[in-house]
Amino acid sequence: AGASLYKMPEIKRAVQSGQTQAGEFILSAYSNENPLFGVDSIPFLATSYDAAQKLYTVAKPATEKLLADQGMKLLFSVPWPGQSLYSVKPMKTMDDFKGTKMRAYNPYTTKIAQMVKAQPVTIQLAELGQALATGAVDNFLTSSASGVDSKLFEQTKYFYIVNGWLPRNATVVNKKAFDALDKATQDAVVAAGKAAEERGWAASRAKDAGYIAELAKQGMTTGQPSNEIRDGLAKIGDTMVRDWLASAGPDGVAIIEAYKKK
């Protein structure tokens, strides 16, 4: 309890140190600390809820060990809706990206913009609406949830369900505090975590579908990307995976190999 008193960058450290017994944070926010934390956010690797579930399953043992080594126990992990493509103009081919102004907010999105030959423009979500209104941005990747919550449908007309990545939250507890519980209580906590995870994945799927329906209701054209764009983004994903593997070590290689085999 008490994790809500901490800002997002502090939550993991607070649980790790025992300042609070439990907390929730976005795993990929700590990928600079260890690349394994960012496996769920490798662009265009796992591009659906089913694929994200598969990736989570094969990565979970390594994630649990990494967290345990840092004094934490993973209770459950749930994805946000996928990062999809918004555009002020229709996007039918990879050439349609060339010369456009593409919003970037981290190294991955900057590299994506560069690889599609767009101009990366660093803009945070809170400033995106104004940037669209002034023509500073033509297209970008963000979730269906952000599109509704930030009313991005007011400036963009096209939404392509590319699901570039589905970043996950992790709910963790301090390992010492968990280990101090009696066996019956430990089992109850683990069971509650498993049930919460199942509810969370189902709720995320439902919320994503609801948000996409709302974008359409607000006048956006929504749907799947063209085969060319889907295949072009998949090739970018292959490059991103290779880049990630170069820093992720043997555990990262094992995760990707298991994911591709499963």
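This text leads through a predicted model of one protein chain, from its confidence values to its strands, its open and closed spaces, and several single residues.

The confidence of the prediction is the starting point. Over the chain, pLDDT has a mean of 94, and 96% of the residues reach 70 or more. Residues 1-6 should be read with this score in mind, for there pLDDT stays under 50. For that stretch the model has twelve contacts beyond four places in sequence.

The next subject is strand E8, which covers residues 168-174. Seven of its seven residues are buried, and the strand is thus described as mostly covered. The side chains of E8 fall into two sets: Arg-168, Ala-170, Val-172 and Asn-174 point one way, while Asn-169, Thr-171 and Val-173 point the other way. The residues of both sets are all buried.

Strand E8 is paired with strand E1, which comprises residues 22-26. The two strands run antiparallel and are joined by five bridges. To find this pairing in the model, the reader may look for Glu-24, which stands opposite Thr-171 in E8. Strand E8 is also paired with strand E2, residues 72-79. Here seven bridges are present, and the two strands again run antiparallel. In this pairing, Pro-79 stands opposite Arg-168 of E8.

Within strand E2 lies Val-78. Is this residue buried or exposed? Val-78 has a relative accessibility of 16%, and because buried means under 20%, Val-78 counts as buried. Its contacts beyond four places in sequence include Arg-168 and Asn-169, both of which belong to E8. Pro-167, Ala-196, Glu-197, Gly-200 and Trp-201 are also among the residues in contact with Val-78. A residue remote in sequence may be located as well: Ser-204 is 126 residues from Val-78 along the chain, yet their C-alpha atoms are separated by 7.7 Å.

A further pairing involves strands E3 and E6. Strand E3, residues 83-87, is joined to E6 by five bridges, and the two run antiparallel. Ser-87 has Asn-139 as its bridge partner in E6. Strand E6 is largely enclosed by the rest of the structure, because five of its five residues are buried.

Strand E6 also leads to the largest pocket, since the strand (139-143) supplies at least two residues of the pocket lining, as do helix H3 (107-115) and helix H8 (227-261). Which of these elements gives the most? Helix H8 does, with four residues. The pocket holds about 960 Å³ of space. Its lining consists of 29 residues, and those nearest the centre are Ser-28, Ser-41, Tyr-105, Asn-106 and Trp-165. By class, 14 of the lining residues are nonpolar, twelve are polar and three are charged.

The model also contains one cavity of 30 Å³ or more, and about 30 Å³ of space lies in the largest cavity. Asp-40, Ala-46, Ala-52, Leu-55, Tyr-56, Leu-166 and Arg-168 form its lining. Helix H2, residues 49-69, contributes the largest share, three residues. The classes are divided into five nonpolar, no polar and two charged residues. Arg-168 thus appears in two settings: it lines the largest cavity and stands opposite Pro-79 in the pairing of E2 with E8.

The loops supply the remaining residues of this account. Ala-29 is placed in the loop between E1 and H2. With a relative accessibility of 52%, Ala-29 counts as exposed, because exposed means over 50%. Ala-29 and Arg-168 are 139 residues apart in sequence, and 10.0 Å lies between their C-alpha atoms.

Phe-44 also lies in the loop between E1 and H2. At 9% relative accessibility, Phe-44 counts as buried. Although Phe-44 is not a glycine, it has a positive phi of about 60°. A positive phi is found at Lys-151 too, with a value of about 55°, and Lys-151 is likewise not a glycine. Lys-151 belongs to the loop between helix H5 (144-149) and strand E7 (158-160). Its relative accessible area is 46%, and Lys-151 is therefore partly exposed.

Key. Residues are numbered from 1 along each chain as its sequence is written. This is a predicted model: local features need pLDDT of at least 70, side-chain atom pairs count only at pLDDT 80 or more; totals for chains, interfaces and linings use all residues. Side-chain values use heavy atoms; hydrogens and water are left out. On a 1 Å grid over the protein atoms alone, a cavity is a set of points where a 1.4 Å probe fits but cannot get out, and a pocket is an open set with protein on both sides within 12 Å along at least five of seven lines; lining residues have an atom within 4 Å of a point. Grid points are joined across faces, edges and corners, and a volume is the space filled by probe spheres set on the points. Ala, Val, Leu, Ile, Met, Phe, Trp, Tyr, Cys and Pro count as nonpolar, Asp, Glu, Lys and Arg as charged, and the others, Gly among them, as polar. Buried means under 20% relative accessible area, exposed over 50%, partly exposed in between (1.4 Å probe, protein chains only). Two strands pair if DSSP finds at least two bridges between them. pLDDT is the predictor's confidence in each residue, from 0 to 100. Contact means heavy atoms within 4.5 Å.
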